[in-house]
Amino acid sequence: MTMAALKTQNVAQLSYQGKTVDLPVYFGTDGPGVLDLQGLYSATGLFSFDPGYTSTASCRSEITYVDGDKGILLYRGYPIQQLAEQSDFMEVAYLLLYGNLPTSAQKDEFVQSINKHTLVHEQVSAFYRGFRRDAHPMAIMVGVVGALSSFYHDSLDIQDPEQRQIAALRLIAKMPTLAGMAYKYSIGQPFVYPQNHLSYSENLLNMMFSTPTAPYVVNPVWSKAIDRILILHADHEQNASTSTIRLAGSSGANPFACIAAGIAALWGPAHGGANEAVLRMLDEIGHVDRIPEFIQRAKDKNDPFRLMGFGHRVYKSYDPRAFVLRQTCHEIMGELGVKNNPALQLAMELERIALADEYFIEKKLYPNVDFYSGIIFKAMGIPVSMFTVLFAIARTVGWISQWKEMIADPMQKIGRPRQLYVGKAYRDYVPMEKRLEENQ
Ligand code: SDX
């Protein structure tokens with residue numbers, strides 16, 4: 001079902017150089033309205049200017065809603081806290097993809113359709129052998145996910161809804177398999193095939209931790225925690241990696257190439273790479289006595305250090321996902337009998353001190369989704385370099401849902417921002433013999 005045309009009675013007026021321009025204002029279901037600037041350039045000869053898109057809505061969407069001031073996150077209208085508590089990742093994947101919670105029969109059919117695609121072509125394993133054993137798993141994931149487009153020529157035509165559907169199922173199904181292979185390759189162990197009698201999260205853990213030499217039973221505490229973490233990371237409006245997917249997809253690029261681009265964008269420490277950076281930061285801090293030193297560094301304009309896992313472009317209150325993860329941390333440590341987990345203790349003390357500090361209060365810097373997730377992963381023995389890979393597995397559901405929505409939206413066209421040019425004015429070519437240093 002495609003979205004209807006936007007209609008409005010509201011108009012904002014812009015006066016510039018004696019001209020007044022009417023700009024339509026649209027309001028959605030919730031959240032800020034938008035000023036439609038599509039006619040701005042033709043009416044005024046001016047571009048809008050918004051580096052980092054701090055005040056720009058790039059699209060309309062029915063998938064996820066975030067209220068950063070109230071700390072609200074809804075997937076298709078359902079609050080993240082209720083989904084994390086009562087749902088599971090496959091059900092949330094169905095919700096994000098199709099818009100409603102599935103019936104029991106719909107969920108069973110969806111899970112079976114995912115299970116049909118968990119294997120990757122046997123030749124994909126050859127790509128791994130081209131990487132050094134110490135390659136970062138995100139480097140591997142960017143490569144092998146992009147390479148999938150060379151195997152599935154029957155799901156590259158993005159104008160064909162059937163092919164879009166198969167590509168979506170393939171990507172969601174294969175991400176854990178590729179991730180498990182990346183981890184096994186890094187430790188020199190044989191790849192483990194997916195086992196479709198296992199749940200999505202159990203399969204991921206089995207492909208990472210089982211070996212041919214001994215029976216492996218997935219710890220139910222771990223698989224439930226992983227499932228909840230995948231739910232929390234599944235989608236988040238038009239964040240950097242999702243915007244990358246939409247921009248790549250707007251050119252007509254195939255879905256595998258788009259998801260590879262999203263993985264690359266997610267890797268950055270300011271975005272999904274922050275969970276890895278949080279653990280490295282906690283390791284560097286080492287002891288509660290050194291927290292004030294790092295808080296001071298985070299506040300020092302001349303020091304590039306930032307408190308990783310803190311702050312957010314949209315949340316100016318506690319990230320609701322961080323709140324759920326904080327609770328999950330305590331549950332896991334309790335069930336694993338590691339109540340006094342040093343990383344958790346250090347993180348809790350760091351959070352307590354930061355939240356009481358004037359700088360963090362004034363700039364509304366709170367823990368975000370990345371602050372606690374890594375502590376849980378580390379307690380399970382998942383290496384730090386795999387943290388963002390797990391984020392990418394979860395976000396593939398959101399990415400592909402947003403990608404499908406964009407293609408079906410009649411308003412969307414190829415993304416092509418303009419710029420404010422501040423370079424050299426027109427000048428003629430200078431032959432070599434006439435070039436002087438100072439003239440350049
Ligand atoms: C994710 O967009 C999403 O939805 C992302 C995400 C998702 O689910 O997709 O939620 C996932 O990426 C979470 C964010 C993970 N990143 C980190 O934890 C890295 C640390 N955080 C910062 O780099 C920063 O807070 C960002 C990148 C998250 C947000 O940056 P903004 O919105 O561009 O804010 P800013 O850099 O303009 O900061 C505003 C002020 C600045 O001070 P002034 O220049 O105004 O004096 O706050 C300061 C910043 O210096 N600041 C921090 C800080 N974050 C912001 N100071 C110290 N430590 C920090 N972490």
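**Close-up views of a predicted model**

**View 1. A nonpolar surface patch is formed by Leu14, Tyr16 and Leu46.** Together, these three residues have about 210 Å² of accessible area. The structure shown here, as in every view below, is a predicted model. Leucine 14 belongs to strand 1, which covers residues 11-16. With a relative accessibility of 30%, leucine 14 is classed as partly exposed.

**View 2. Aspartate 67 makes a side-chain contact with the backbone of lysine 70.** Aspartate 67 is part of strand 4, residues 64-67. Its side chain reaches the backbone nitrogen of lysine 70 at 2.9 Å. The relative accessibility of aspartate 67 is 12%, and the residue therefore counts as buried, the limit being under 20%.

**View 3. The ligand is surrounded by 23 residues.** Those that come nearest are His236, His312, Arg313, Arg321 and Arg395. Sorted by class, the shell around the ligand consists of nine nonpolar, seven polar and seven charged residues.

**View 4. Polar atoms of leucine 307, glycine 309 and lysine 363 lie beside N or O atoms of the ligand.** At leucine 307, a polar backbone atom is 2.8 Å from a nitrogen atom of the ligand. At glycine 309, a backbone N or O atom is 2.8 Å from an oxygen atom of the ligand. Lysine 363 takes part through its side chain, where an N or O atom is 3.1 Å from a ligand oxygen atom. On its own the ligand has 1100 Å² of accessible area, and the protein covers 77% of this.

**View 5. Asparagine 368 has side-chain contacts with the backbone of glycine 311 and of aspartate 370.** Asparagine 368 sits in the loop between helix 16 (358-362) and helix 17 (370-379). The distance from its side chain to the backbone oxygen of glycine 311 is 2.9 Å. A polar atom of the asparagine 368 side chain also lies 2.8 Å from the backbone nitrogen of aspartate 370. Asparagine 368 counts as buried because its relative accessibility is 7%, and the class takes residues under 20%.

**View 6. A salt bridge joins the side chains of aspartate 88 and lysine 107.** The N to O distance is 2.3 Å. Aspartate 88 is in the loop between helix 2 (80-86) and helix 3 (89-98), whereas lysine 107 is in helix 4 (residues 104-115), so the pair ties together parts that lie 19 residues apart in sequence. Aspartate 88 has a relative accessible area of 24% and is partly exposed. The structure holds 17 salt bridges.

**View 7. Aspartate 154 and arginine 170 form a salt bridge.** Their closest N and O atoms are 2.8 Å apart. Because aspartate 154 lies in the loop between helix 6 (137-147) and helix 7 (161-186) while arginine 170 lies in helix 7, the pair ties together parts that are 16 residues apart in sequence. Aspartate 154, at 41% relative accessible area, is partly exposed. Arginine 170, at 10% relative accessibility, counts as buried.

**View 8. Glutamate 276 and arginine 280 meet in a salt bridge within helix 12.** The side chains of glutamate 276 and arginine 280 are 2.6 Å apart, N to O. Helix 12 covers residues 274-285, and the two partners are four residues apart in it, so about one helical turn separates them. Glutamate 276 is buried, at 9% relative accessible area, whereas arginine 280 counts as partly exposed, at 45% relative accessibility. Elsewhere, salt bridges with shared partners link Glu85, Arg228 and Glu331 into one network.

**View 9. Alanine 408 and proline 161 are 9.1 Å apart in space, C-alpha to C-alpha.** In sequence, alanine 408 and proline 161 are 247 residues apart. Alanine 408 is in helix 18, residues 387-408. At 28% relative accessibility, alanine 408 counts as partly exposed.

Definitions and conventions:
Residues numbered from 1 in each chain as written. Predicted model: local features only at pLDDT ≥ 70, side-chain atom pairs only at ≥ 80, totals over all residues. Heavy atoms only, no water. Near = heavy atom within 4 Å. Polar contact = N/O pair within 3.5 Å; in protein donor to acceptor, adjacent residues only side chain to side chain. Areas by Shrake-Rupley, 256 points an atom, 1.4 Å probe, with all protein chains shown as cover. Nonpolar A, V, L, I, M, F, W, Y, C, P; charged D, E, K, R; others polar. Patch = residues over 30% accessible without salt bridge, like charges linked within 9 Å, V, L, I, M, F, W, Y side chains within 5 Å. Salt bridge = Lys/Arg side-chain N within 4 Å of Asp/Glu carboxyl O. Helix = DSSP H or I, 4+ residues; strand = E, 2+ residues; numbered from the N terminus. Buried < 20%, exposed > 50% of the residue type's maximum accessible area, 1.4 Å probe, protein only.
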